[in-house]
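Good morning, colleagues. I would ask you to look at the display for a moment before I begin, and then to follow me from one helix to the whole protein.

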Amino acid sequence: MLSLTAIRLTLCALAVGAVDLRGESGNTEITESAGAWPEITRTTKPWTRWWWLGNVLDENALRVEMERYAAAGIGGLEITPIYGVRGQEDRFIEYLSPLFMERLAFVLREAERLDLGIDFATGNGWPFGGPWIERAHACKYLAHRTWTLPGGGRMKEKVELRQEPLVRVAGPRRVEIEELVTPVAANADLQDLALDQVRFPEMLPLVALVAHADDGRIQNLTTQVAKDGTLDWTAPAGGTWTLYGLFEGLHGKLVERAGPGGEGDVIDHFSEDAVGAHLAKFDEAFGASGVGFAGIRAFFNDSYEVDDAAGNADWTPRFLEEFQRRRGYDLLEQIPALFAEPATETTTRVWCDYRETISDLLLDEFTRPWRAWAAERGTSIRNQAHGSPANIIDLYAASDIPEQENSDLIGIKLASSAAHLTGTRLVSSEAATWIDEHFLGTLGSVKAATDLFFLAGVNHNCWHGTAYSPADEPWPGIHFYASIELNPSNPIWHDSPALNAYVARAQSLLQHGEPDEDVLLYYPIHDTWSERGSESLHHFIGRPRDGMWPWRRAAEALHTAGYGYDHVSDALLRECRWDATEIASAAGARYRTVVVPEVRTMPIETIEHLFSLAQRGATVVFHRALPGDVPGLHRSAQRLSRLQVFTEALQRSGTIADGVTTLEWGRGRVFAGEDVAAILGRAGLAREKLVDQGLRFVRRKDADGAFYFLHNSGATAVDGWVPLRDAEEAMVVLDAMTGRVERGLVRTGAGRAREIYLHLQPGASVFVRASPLVSVAAPTLPWRAVADGGVALASGWGITFVEGGPVLPEPIEVATAASWTDVGGAEAKRFGGTAVYRTTLVWNGRDTEGLRIDLGTVAESARVRLDGREVGTLFAAPYVCTIDATHLQRGREHVLEVEVTNLAANRIADLDRRGVNWKRFYNVNMPARLPENRGPDGLFTAAHWPVRPSGLVGPVTLSRVERFDPSAP
């Protein structure tokens with residue numbers, strides 16, 4: 001027992017009461033204000049990707065696992081079958097086989113019982129494909145060869161091209177092309193082969209042969225090539241002729257990380273027939289089994305990722321026909337431009353047209369047909385469009401639930417922007433994908449990643465993820481390599497319900513109401529399409545490597561200045577209209593202005609539409625100047641002359657002041673200048689000044705007004721008055737970490753702006769909204785520390801190990817809180833799990849309104865209990881609680897328990913040091929995320945890791961706090 005003098009300020013710093021909801025973590029047992037939070041449903045809860053390695057599916061184990069997921073606060077499961085585990089081959093279940101569908105039917109019944117939603121990947125692994133995809137429907141590439149003839153000359157060579165053999169594997173085994181037979185699905189031991197891409201040596205079919213003379217003459221010779229490749233043609237006299245032979249190659253990309261029965265070719269994403277052939281397999285499996293589609297909420301696509309291989313899949317058999325229909329000219333007449341070195345103006349225009357056609361096909365031949373197929377079956381699609389060689393905003397806009405997996409806020413917003421513009425309620429994320437090395441990811445790092453998604457407009461997070469593990473698997477069970485390993489075998493699962501509850505509350509508000517952004521920021525994809533580059537296709541993720549730096553700089557400037565924005569594509573922008581006072585999307589989303597970053601090229605139809613919006617009353621801002629050119633080749637001179645009308649109008653009629661050109665255009669205005677944020681201010685667009693204090697925000701609105709998600713993204717605490725552009729006299733503060741709701745303290749500050757008093761630690765977040773609630777009528781004053789400081793808890797802790805392994809170490813008695821690896825024996829050093837730190841306290845201090853406890857260093861999460869009652873769960877620094885202590889009774893003895901859970905790192909390191917083979921997975925097995933953790937076999941190893949601190953490291957300190965009125969003189 002601690003001495004009475006040492007604990008003068010001790011006891012109820014952790015008593016059940018009001019945890020400070022403005023930045024200090026806790027998950028307090030409280031009564032949440034009625035009506036403050038929208039209803040928590042399976043959709044507001046976080047979901048998780050559920051990997052089925054090898055489809056080793058036992059009904060009893062499935063039931064137990066699903067009950068654990070539901071109990072931890074998971075709202076739904078996305079089923080993705082994947083490669084298997086060595087030693088379990090006799091238990092593999094073929095993908096979409098009758099037994100597989102029987103197990104899926106069982107899962108759907110259990111999901112209904114447990115109120116878990118189910119999504120199902122439209123394929124196993126990624127991208128779409130499988131052994132049922134025949135050559136006609138497999139992804140393809142365009143190959144070419146050239147010959148030169150003088151006038152009057154004849155071809156001596158055959159018009160043919162032989163494909164070079166290629167084998168790429170994801171596994172450790174080297175595979176030679178001679179070992180394989182075609183089709184790939186006919187090979188044995190496909191799980192062991194782990195094939196990623198295969199091209200067989202073969203003569204490629206001819207697409208076209210076109211002769212171009214150096215004086216501009218063109219002849220299409222395709223029909224004059226015999227089946228054996230001989231060409232019966234004499235070059236017309238005069239000049240030199242270059243013959244361009246185009247050939248169709250089988251790209252060879254195979255389903256990546258495929259599970260048993262799913263190995264095979266990836267589909268041709270630019271062919272609706274190929275998509276239909278793939279989806280027919282699902283109709284067959286779901287129909288023949290009688291399972292039906294009723295239990296599936298959405299079918300899932302795990303990003304494009306066809307071209308993370310040798311060469312691009314840049315061709316489809318109908319490409320030439322589609323190109324002429326969409327771009328207005330015959331590509332064969334401009335074939336030299338595709339292969340010209342160095343690039344010319346014509347080259348850049350033709351390549352832009354080529355890539356835009358690919359983009360159109362991916363939208364019209366893949367995304368839309370897939371969505372229509374799902375809708376006809378009463379389901380929807382959840383689509384990761386990033387990584388595609390397309391305008392991914394339009395792909396996201398064609399999705400029922402657009403999903404991102406980025407770590408860059410600007411890029412993530414490509415998905416949420418499409419949803420906002422189209423009125424789509426849910427924006428999903430593949431959250432916490434391999435955010436640290438194996439078994440080093442923490443709940444705190446997951447929260448940080450999730451908050452970034454929230455700030456980018458995501459409101460439906462899906463953890464990445466949870467591998468199903470049969471009950472008889474020894475620890476650590478089954479794992480998928482690119483994962484946070486959020487599953488019941490990982491110690492961090494113990495406190496994951498607190499994280500899941502935080503996300504569920506936050507998402508209940510973020511799924512409520514409508515987005516409230518200020519600006520439409522134009523996405524200038526044609527500039528990148530016009531760059532020759534080293535690859536035939538450019539793939540877009542939204543990260544800096546995509547290029548488009550002026551666009552990124554404009555987005556960053558809007559962030560810094562405090563303007564909310566959505567990215568907008570040409571197609572979505574041209575659907576917008578002026579609605580009396582605002583710009584409205586086709587689905588009704590409203591904006592105050594359009595910003596066009598500095599761009600070189602822009603479709604004339606988009607420019608004309610922008611000036612049409614201005615004519616009706618809109619404000620349009622161009623960074624620096626109007627674009628100087630239009631993209632593409634067809635009638636480019638005529639389109640450029642239409643652009644010059646607007647350029648000349650700006651130059652002739654615009655007024656210049658402070659470096660900004662202003663053109664009155666109808667009822668609206670067009671601006672051009674260097675400082676976009678300053679121009680927006682001049683145009684009368686009010687910004688959120690809270691960004692000047694290191695806060696980031698998402699603003700939404702409903703019938704009662706605006707509400708904010710605020711996040712302290714800075715390195716220091718925000719403690720003071722925070723201005724809100726749309727604040728009301730009565731503001732309510734809602735803490736998603738605790739569920740508490742309080743009336744905020746509001747004042748009218750400088751310039752009559754309303755401000756709310758907030759305390760937010762770095763990394764903390766809170767919701768603030770105008771309140772129609774009568775249950776929070778009196779503002780709650782904030783806490784402040786009392787000047788007499790704190791008291792360290794210096795003695796009397798007992799440590800008892802309650803859950804984990806490999807064995808439970810013996811109990812420990814320590815004088816001060818310390819890492820159990822420092823004060824325990826050998827078993828404590830390799831232990832992964834949970835231990836309870838316990839002490840007995842007596843309150844003999846002065847009366848106080850509140851107490852604050854700082855646990856110091858915690859490795860890695862802590863549940864705090866007082867006299868057996870839960871006080872809170874802390875899983876991110878700072879590990880601090882502030883509580884109401886007005887009910888304390890002097891002289892009473894109390895039991896304080898801090899239940900701490902560490903990472904799996906020490907236990908995994910022990911396995912690796914002892915050479916225990918737990919990495920038994922096919923395909924990539926368990927690669928290291930960081931090169932320094934790569935072992936001699938090329939796989940991840942923790943054998944060299946030092947023992948990591950674990951438990952309540954401390955020091956634990958207590959401080960008196962009191963309520964105060966910061967607006968009082």
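The expected span of a helix is 1.5 Å times one less than its number of residues. With that in mind, please turn to helix H11, which covers residues 496–510 in this predicted model. H11 has 15 residues, and from its first C-alpha to its last it reaches 21 Å, close to the expected 21 Å. Is H11 mostly covered or mostly uncovered? It is mostly covered, as 13 of its 15 residues are buried.

Let me now take a single residue. Glu803 is located in strand S39, which runs over residues 797–805. Glu803 counts as partly exposed because its relative accessibility is 42%, and partly exposed means between 20% and 50%. Which residues does Glu803 touch, leaving aside those up to four places away in sequence? They are His494, Leu808, Phe831, Gly832, Gly833 and Thr834. Of these, Thr834 is 31 residues from Glu803 in sequence, while their C-alpha atoms are 5.1 Å apart in space.

I turn finally to the whole protein. It has 20 helices and 49 strands. For 969 residues, a compact globule would have a radius of gyration near 30 Å, and the 31 Å of the protein agrees with this. Buried residues make up 61% of the 969. Among contacts with a separation of 6 or more, 78% are between residues 24 or more positions apart. As for charge, there are 96 positive and 128 negative side chains, and the centres of the two sets lie 3 Å apart.

Thank you for your attention.

Note on methods
Residues are numbered from 1 along each chain as its sequence is written. This is a predicted model: local features need pLDDT of at least 70, side-chain atom pairs count only at pLDDT 80 or more; totals for chains, interfaces and linings use all residues. Side-chain values use heavy atoms; hydrogens and water are left out. Helices (H or I, at least four residues) and strands (E, at least two) are DSSP runs, numbered from the N terminus. The radius of gyration is taken over C-alpha atoms; the globule rule is 2.2 Å times the number of residues to the power 0.38. Buried means under 20% relative accessible area, exposed over 50%, partly exposed in between (1.4 Å probe, protein chains only). Contact means heavy atoms within 4.5 Å. Lys and Arg count as positive and Asp and Glu as negative; His and the chain ends are not counted. The place of a charge is taken as NZ of Lys, CZ of Arg, CG of Asp or CD of Glu.
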